[in-house]
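Below is a short report on one protein chain. It starts at a single residue and works outward to the whole fold.

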Amino acid sequence: MPHIDDYVHPFAEVALSNITREYPFASHHLARSLADIVPAVEKHPAFANSYDWHSSVHMHYLLASLLETEVAQGAGWRERAIEVLSSHLSEENMLAEAAFLRENPSWERPYGWAWTVELNRVLNASKVSELRAFGANTQVLADTVFDLASTWLPKVAAPVRHGVHSNTAFGLRRILLGARAADRHDVVDVIAGAARRFFAEDVAWNFTQERSGHDFLSPGLCEADLMAEILTEDELASWLPSFLSELSPESPALTPVKVLDPTDGQQSHLYGLGLSVAASVMRLAPRLEILAEKSGNDELMAQAKGMLTRVDSLMAPGLEAAVSDEYVSSHWLATFAWETMNLRCP
């Protein structure tokens with residue numbers, strides 16, 4: 001596995017290229033009249049690039065994250081990155097993006113919402129003064145998401161368990177972490193309550209049959225990731241081993257799926273599936289190891305260690321595709337690759 005520093009420059013090039021590329025762009029707006037049929041940049045002065053709105057948001061997040069590294073300090077692209085982020089994440093642009101979310105409260109829910117909160121979180125926590133200034137601008141966007149999520153969740157009858165953007169658990173976990181960082185305890189409580197209502201009774205998730213041909217998330221592992229954040233230690237000691245009881249190193253869920261047509265934007269999701277599954281495994285396996293040590297459960301320890309042996313093979317296809325010339329992959333994969341590399345090589 002290459003060193004994480006080896007990815008900083010190529011990922012920065014990908015991110016900069018994406019967030020300055022307006023077309024192709026996939027707009028997913030509800031048009032209420034002909035007045036709504038306008039260039040995307042008129043509705044989204046910051047995020048009408050990188051193929052679609054949510055990918056643009058998380059590519060901005062990726063670029064900000066890369067600027068935190070030592071490698072970036074003397075990089076030739078650093079000044080350009082700061083300049084582009086300054087232009088896109090201006091106070092005026094963030095007010096416009098937040099207004100659109102308020103006017104369209106189900107749009108980009110919850111995936112785009114989650115990356116919006118992540119962008120704001122990494123900016124606010126930055127050691128780079130310029131990025132912290134951008135965090136002040138993006139705060140209105142994060143606060144809008146917090147308010148929308150708090151209004152939405154009490155009305156949700158059941159979670160969405162698909163392995164794509166609409167997955168409830170994936171979005172809620174990221175919004176939860178952002179709410180904690182922002183001391184929005186009201187939002188944390190709403191999310192925790194919804195998660196318990198949705199998932200607390202789940203047991204023995206079927207990891208053999210959960211995948212479909214365009215997933216980039218594991219519904220089961222996303223759920224486990226979320227519950228690991230909200231359950232008490234005693235609750236998790238019971239819930240997590242039970243929920244993951246059908247997961248073994250040989251499970252199809254821990255085996256990368258070969259992409260037969262990299263030009264197919266739906267099938268190329270499978271590159272991201274390997275990356276997101278690897279990330280979940282690296283978060284969850286250490287929790288299982290702790291539980292196994294406390295309980296003296298040798299089988300649970302073997303399960304945890306066996307899961308970790310699958311990480312590198314899961315990651316490899318996505319790492320390569322993240323910097324490929326195929327835009328249906330490269331407009332988004334580098335974000336997932338970078339986050340997974342940070343878990344693999346902390």
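## A residue in the core

Leu-240 is buried, at a relative accessible area of 0%. Buried means under 20% relative accessible area, exposed over 50%, and partly exposed in between (1.4 Å probe, protein chains only). The model is predicted: local features need pLDDT of at least 70, side-chain atom pairs count only at pLDDT 80 or more, and totals for chains, interfaces and linings use all residues. Residues are numbered from 1 along each chain as its sequence is written, and side-chain values use heavy atoms, leaving out hydrogens and water.

Leu-240 sits in helix 12. Helices (H or I, at least four residues) and strands (E, at least two) are DSSP runs, numbered from the N terminus. Leaving aside residues up to four places away in sequence, Leu-240 touches Ala-224, Leu-284, Arg-287, Leu-288 and Leu-291. Contact here means heavy atoms within 4.5 Å. Met-227 is 13 residues from Leu-240 along the chain, and their C-alpha atoms are 8.2 Å apart.

## Helix 11

Ala-224 and Met-227 are among the buried residues of helix 11. In this helix 11 of the 12 residues are buried, so the rest of the structure largely encloses it. Its buried residues pack against helix 9 (168-181), helix 10 (185-199), helix 12 (233-243) and helix 13 (269-295). Helix 11 covers residues 219-230, and its end C-alpha atoms are 17 Å apart, in agreement with the 16 Å expected at 1.5 Å a residue. That expected span is 1.5 Å times one less than the number of residues.

## Backbone exceptions

Two non-glycine residues have positive phi.

| Residue | Phi | Loop | Relative accessible area |
|---|---|---|---|
| Tyr-51 | about 80° | between helix 2 and helix 3 (53-66) | 27%, partly exposed |
| Asp-183 | about 60° | between helix 9 and helix 10 | 55%, exposed |

There are cis peptide bonds too. One joins Tyr-23 and Pro-24, with omega about 0°. Pro-24 is in the loop between helix 1 (8-19) and helix 2 (40-43). Another joins Arg-109 and Pro-110, again with omega about 0°. Pro-110 is in the loop between helix 6 (91-103) and helix 7 (111-124).

## The whole chain

The chain has 17 helices and zero strands. Its radius of gyration is 20 Å, close to the 20 Å of the globule rule for 346 residues, so the chain is as compact as a globular protein of that length. The radius is taken over C-alpha atoms, and the rule is 2.2 Å times the number of residues to the power 0.38. Buried residues make up 56% of the 346.
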